[in-house]
Amino acid sequence: MRIEKRAVEEFNEPLLKEHQRKFRFIAESFPGIEDVVAKLIDFQVAIPSWALGSGGTRFGRFAGAGEPGNLEEKIEDVGLLHSLNKSSGAISMHIPWDIPSNPNAIKAFAAQLGIRFDAVNSNTFQDQPGQELSYKFGSMQHVDKAVRRQAVEHNIEVIRHGAELGSESLTVWLSDGSCFPGQLNFKRAFQNTLESLQAVYEALPANWKMFVEYKAYEPNFYSMSVGDWGQSYLYASKLGPKAYTLVDLGHHLANANIEQIVALLLMEGKLGGFHFNDSKYGDDDLTVGSINPYQLFLIFNELVAGMDERKMNHATDLGWMIDASHNVKDPLEDLLQSVEAIMISYAQSLMVDRKKLNDAQMNNDVTLCQEILQHAYRTDVRAIVAEARLRDGATLHPVDAFRKMNVRKSLIKDRGSKTVATGL
Ligand SMILES: [Mn+2]
């Protein structure tokens with residue numbers, strides 16, 4: 001299924017007048033509005049290939065209908081999202097769940113839909129059918145050198161697949177760690193992991209980045225070999241200039257100050273990318289902005305401030321990806337909501353008066369600091385985000401459009417109601 005330009009225009013038509021009234025209202029009170037709209041148009045969030053089908057938990061999974069059954073259909077889905085919001089022009093693939101059988105054809109198909117390939121993700125947290133050695137006791141940290149070598153070779157294969165599609169970064173998330181005190185020698189686990197990561201780093205093409213993703217716990221419950229941003233930063237620093245830390249919002253202990261982590265990593269030039277999601281209790285993988293939108297705004301506030309200080313390009317210098325799981329919602333609707341939440345927080349953070357905030361900080365005017373931040377956060381920027389979409393040829397309201405255009409119904413007609421997407 002494809003969404004034609006005409007269908008977008010037909011959907012927008014009856015909403016235009018009301019939209020323009022709302023946009024004019026906010027534009028009048030904010031002189032820098034054109035710059036904000038231009039930045040919103042440029043900003044793209046990559047959709048993870050593993051999140052286009054229904055997710056589940058260890059208790060079960062309730063499959064949806066019309067899910068993508070192969071990589072082509074996953075790209076088709078991302079193309080649909082991108083037609084609706086023009087902010088989802090990239091896909092982040094997972095190997096071995098999405099090995100392209102014909103890379104040139106896949107690349108051409110994605111290009112037709114305006115989709116590029118963001119970071120590729122390796123998987124040494126599961127044993128694959130026919131795999132020689134098991135990752136039960138870890139992959140890159142494993143006490144057996146042969147297991148470590150197998151994990152390194154897998155990562156190098158992932159780079160090869162990514163390079164064929166035009167991807168320029170590799171995300172390494174390791175489930176390595178231990179479940180019980182005494183199980184691991186921490187220093188040996190670190191050294192083994194570092195040595196393995198170094199072997200992968202050496203295989204990176206010149207223009208590639210390596211993202212080292214951390215996670216506080218799960219599937220290991222006593223220690224994780226890349227457990228927090230400090231450990232990730234340590235690996236990335238020892239690896240070299242092409243290695244960066246990747247921050248997944250759900251991978252922290254409860255109530256961690258993620259905005260501070262982001263600010264310091266950016267200061268050190270070691271923040272590489274993001275996995276957006278939201279959570280209430282742990283790594284819940286919920287829709288971005290569904291639980292704590294203020295935290296998301298505070299994170300974006302530091303991102304914008306830090307990127308501007310380093311004169312970075314907001315749209316291209318960091319990897320922006322969603323990493324979520326949709327257990328009870330339509331995955332495509334959930335992803336549209338996530339992208340919308342990201343754009344809203346980004347827009348709000350672009351509206352923070354940084355000069356005024358800096359002056360207030362230098363004067364220890366704590367009350368004013370809060371006023372400045374919350375003024376931006378409490379501004380309803382939805383019409384600005386919608387205006388950016390409108391100018392880029394997308395819909396004024398992606399979720400409504402998805403429903404009105406009967407996208408899921410068409411996908412079920414094309415694919416059937418019993419398809420199950422590969423992935424989590
Ligand atoms: Mn992640």
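Start in the largest nonpolar core, a set of 107 residues in which Leu40 and Ala347 have the most contacts. Helix α11 gives this core its largest share, 11 residues. Keep in mind as you go that the model is predicted.

Now select Ala347. Setting aside residues within four places in sequence, show its contacts: Val36, Leu40, Val381, Ile384 and Val385. Leu40, the other residue with the most contacts inside the core, is thus one of the partners of Ala347.

Next, colour α11 (331–350), then bring up α10, because the buried residues of α10 pack against α11 as well as against α9 (258–267) and α13 (366–377). Select residues 293–309 to see helix α10 itself. Which of its residues are buried? They are Leu296, Phe297, Leu298, Ile299, Phe300, Asn301, Glu302, Leu303 and Val304.

Try a distance check on α10 while you are there. With 17 residues at 1.5 Å a residue, the helix should span 24 Å, and its end C-alpha atoms are 24 Å apart, so the two values agree. Then step just past the helix to Lys311, where phi is positive, at about 55°.

For the last stop, go to Lys242, in the loop between α8 (229–239) and β11 (243–248). Is Lys242 buried, exposed or partly exposed? It counts as partly exposed, because it has 17 C-beta neighbours inside 10 Å. Leaving out residues up to four places away in sequence, Lys242 touches Tyr201, Leu204, Trp208, Lys209 and Met210. Finally, draw a C-alpha to C-alpha distance from Lys242 to Ala206: the two are 36 residues apart in sequence and 8.6 Å apart in space.

Notes
Residues are numbered from 1 along each chain as its sequence is written. This is a predicted model: local features need pLDDT of at least 70, side-chain atom pairs count only at pLDDT 80 or more; totals for chains, interfaces and linings use all residues. Helices (H or I, at least four residues) and strands (E, at least two) are DSSP runs, numbered from the N terminus. A residue is buried if 20 or more other C-beta atoms lie within 10 Å of its own, exposed if 12 or fewer, and partly exposed in between; C-beta atoms are placed from the backbone. Two residues are in contact if their C-beta atoms, placed from the backbone, lie within 7 Å. The expected span of a helix is 1.5 Å times one less than its number of residues. A nonpolar core is a set of buried Ala, Val, Leu, Ile, Met, Phe, Trp, Tyr and Cys residues joined through C-beta atoms within 7 Å.
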